[in-house]
Amino acid sequence: MKFTINRSRFIQELATVQRAISTKTTIPILTGVKIVLTEEGLNLTGSNADISIETFLAAADEKAQLQIEKTGMIVLQARFFSEIIRRLPEDTFTLEVLDNLQVAITSGAAEFTVNGLDADNYPHLPVVEEQNQLKLPVHMLTKLIGETVFAVSQHESRPILTGVHFMLANNQLLAVATDSHRMSQRVVPVENATSDFDIVIPGKSLVELSRSMSDEEAEVEISIMENQVLFKTPSMYFYSRLLEGNYPDTNRLIPTSFNTEISFSVPTLLAAIERASLLSHEGRNNIVRLAIESDSVVLYGNSPEIGKVEEELAYEKVTGDPLEISFNPDYMKDALRAFGDMSITIHFISPIRPFTLEPTEGEVSFIQLITPVRTN
């Protein structure tokens, strides 16, 4: 195998597949990146137990400046290989496989010879049959992930909660995540779905998927098998394992009647919560308190070691009973950031019941739920 390629374009592709490569694998060859050169172009593959990423650089890609002299394949230790390529002196480099799986990498006056591994020993990627297909714009999928993935559980005690539940029914795609203290649920209408599905994708996989998808204009094709899901764009295949088990019925968590409602501009409320949490983070209890009256809304943050903060909040509308409620400000900040620049309405029942946040206006079906903190 021998080819010459633009270094920065190659580094882009290498960085994408490296998201799937772990140094902690029990299978030594999986610490490597698989490089396959055909007449059509260059394939790079990285994999671990949870995700596999395969990217494709077409020979016709002008930015890649790919010159193919001899096709073939090899596996190279990803971390060292990546460091070498980043430090090469010229804009292009040449990679050639020599005898005994040795690989020569040359760029300008620099020449490295590194040991490769036999690509035939690299595990095969799952074969995903063309079924359960759904096409979404990339920007819609990344937004859906951003609006939910922060609420997955970080604890392995309930593995199913470390993933985001995706369910397709009646031409509506529901994505929901909960760690049992908070929940984020988003529903988007979809077209051209061939069949319904009900799957749970690990949160960590979705974070890496979101980072790997760069072309906002493209469409992503989703195919599902028993224990795998494949996200396919024109230049990338991203495989993830699915979590096994039944996701809890989160619909029953959402209250339908409320006693107090208040509307805020998200950027204004977020800034105030960030100020209050400056002190709450310093204390042993990371809690802020919201006091709602018919004519004033006040936010309190307190740390016995540092001091306290009190801020009268600007709000858009308040209705219902007076209320005092305490909550974790980090949960509130995550929730508000997911909404972005809009107005939301927060619905309360009582100081000890979960409260919900929803967009004040528009057709967006997006609801978040936060469990308050009980204070004596």
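The legends below describe close-up views of a predicted model.

**View 1. Two annotated domains of the chain.** The UniProt record, an unreviewed entry, annotates residues 1-126 as "domain: DNA polymerase III beta sliding clamp N-terminal". Over residues 1-126 the chain is 17% helix and 43% strand, with 25 Å between the end C-alpha atoms. For residues 136-249 the unreviewed entry gives "domain: DNA polymerase III beta sliding clamp central". Here helix accounts for 18% and strand for 42%, and the end C-alpha atoms are 25 Å apart.

**View 2. An open antiparallel sheet of 9 strands.** The strand order is S14-S11-S12-S13-S26-S25-S24-S18-S22, and the pairing is antiparallel. Strand S14 (197-202) and strand S22 (317-320) are the edge strands, each pairing on one side only. Direction ignored, neighbouring strands of this sheet are turned by 15 degrees against each other on average.

**View 3. The pairing of S11 with S12, and the helices on the sheet.** Strand S11 (residues 163-169) pairs with strand S12 (residues 172-178) in the antiparallel sense over 5 bridges. Ala-169 has Gln-172, in S12, as its bridge partner. Helix H3 (residues 138-148) lies across S11, S12, strand S13 (182-189) and strand S26 (365-370), and runs at about 160 degrees to S13. Helix H6 also packs on the sheet, where it touches S13, strand S24 (343-348), strand S25 (355-359) and S26. The direction of H6 makes about 175 degrees with that of S26.

**View 4. Surroundings of Ser-240.** Ser-240 lies in strand S17 (residues 236-241). Its relative accessibility is 0%, so Ser-240 counts as buried. A polar contact of 3.0 Å joins the side chain of Ser-240 to the side chain of Ser-205. Leaving aside neighbours within four places in sequence, the residues in contact with Ser-240 are Asp-50, Ile-51, Ile-201, Pro-202, Ser-205, Asn-227, Gln-228 and Val-229.

**View 5. A salt bridge between Glu-69 and Lys-2.** The structure holds 19 salt bridges. In this one the side chains of Glu-69 and Lys-2 meet at 3.7 Å, N to O. The pair links distant parts of the chain, with Glu-69 in strand S5 (residues 67-70) and Lys-2 in strand S1 (residues 2-6), 67 residues apart. Glu-69 counts as exposed because its relative accessibility is 54%, whereas Lys-2 is partly exposed, with a relative accessible area of 24%.

**View 6. A salt bridge within helix H4.** Side chains of opposite charge can pair when their charged atoms come close. The side chains of Glu-208 and Arg-211 meet in a salt bridge with an N to O distance of 3.4 Å. Both residues lie in helix H4 (residues 203-212), where a spacing of 3 residues is about one turn of the helix. Glu-208 counts as buried at 18% relative accessibility, while Arg-211, at 51%, counts as exposed.

**View 7. A salt bridge in helix H6 and its network.** Asp-334 forms a salt bridge with Arg-337, and their closest N and O atoms are 3.8 Å apart. The two residues are 3 residues apart in helix H6 (residues 329-339), so about one helical turn separates Asp-334 from Arg-337. Asp-334 counts as partly exposed at 24% relative accessibility; Arg-337, at 46%, also counts as partly exposed. Salt bridges that share partners join Asp-179, Arg-182, Glu-274, Asp-334 and Arg-337 into one network.

How values were computed: Residues numbered from 1 in each chain as written. Predicted model: local features only at pLDDT ≥ 70, side-chain atom pairs only at ≥ 80, totals over all residues. Heavy atoms only, no water. UniProt positions renumbered as here; feature names shortened; annotations may be inferred. Helix = DSSP H or I, 4+ residues; strand = E, 2+ residues; numbered from the N terminus. Buried < 20%, exposed > 50% of the residue type's maximum accessible area, 1.4 Å probe, protein only. Polar contact = N/O pair within 3.5 Å; in protein donor to acceptor, adjacent residues only side chain to side chain. Contact = heavy atoms within 4.5 Å. Salt bridge = Lys/Arg side-chain N within 4 Å of Asp/Glu carboxyl O. Pairing = 2+ DSSP bridges. Axes fitted to C-alpha atoms, helices over the stretch in contact; angles between N-to-C directions.
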